[in-house]
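Please look over the sequence and the structure shown here before reading the report that follows.

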Amino acid sequence: MTMSLDDQADRVVTREDFVVFLAAALADLRDRPEEWENRTLENFLDAWGAWVGDMPGWCANRGEAVPEQPDWHLLAAMVMAARIYE
């Protein structure tokens, strides 16, 4: 059984995990573009920036402080958010 992109993002801990996750995200975009709100680089980067700006609310909803330095797991969460963030 193939792991979902959400599950892969949740399991990112290391740089190597993140590299594998990015390859899976690209494959997911190619295979299921209808699942991606932001399919172009321009839209994706715009959404990523907007989400990072709104990240304090996301952290608050999770009961977490906004990290001073993102880790590989948070970068994967950002990619997942940017694919659908409006």
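Which residue follows α3, and what is the sign of its phi? Helix α3 is followed by Gly 63, whose phi is positive, near 70 degrees.

This is a predicted model, in which local features need pLDDT of at least 70 and side-chain atom pairs count only at pLDDT 80 or more, while totals for chains, interfaces and linings use all residues. Residues are numbered from 1 along each chain as its sequence is written, and side-chain values use heavy atoms, with hydrogens and water left out.

**Helix α3**

Helix α3 (a DSSP run of H or I, at least four residues, numbered from the N terminus) covers residues 41–61. Its 21 residues reach 28 Å from the first C-alpha to the last, close to the 30 Å expected at 1.5 Å a residue, where the expected span is 1.5 Å times one less than the number of residues. At Asp 54, shortly before the proline Pro 56, α3 has a kink of about 55 degrees, taken as the angle between axes fitted to the seven residues ending there and the seven starting there.

The buried residues of α3 (under 20% relative accessible area, 1.4 Å probe, protein chains only) are Phe 44, Ala 47, Trp 51, Met 55 and Cys 59. These buried residues pack against α4 (72–82), with contact meaning heavy atoms within 4.5 Å.

**Composition of a lining**

The table gives the lining of the largest pocket by class.

| Class | Lining residues |
|---|---|
| Nonpolar | 4 residues |
| Polar | 3 residues |
| Charged | 6 residues |

Methods: Ala, Val, Leu, Ile, Met, Phe, Trp, Tyr, Cys and Pro count as nonpolar, Asp, Glu, Lys and Arg as charged, and the others, Gly among them, as polar. Helices (H or I, at least four residues) and strands (E, at least two) are DSSP runs, numbered from the N terminus. Buried means under 20% relative accessible area, exposed over 50%, partly exposed in between (1.4 Å probe, protein chains only).
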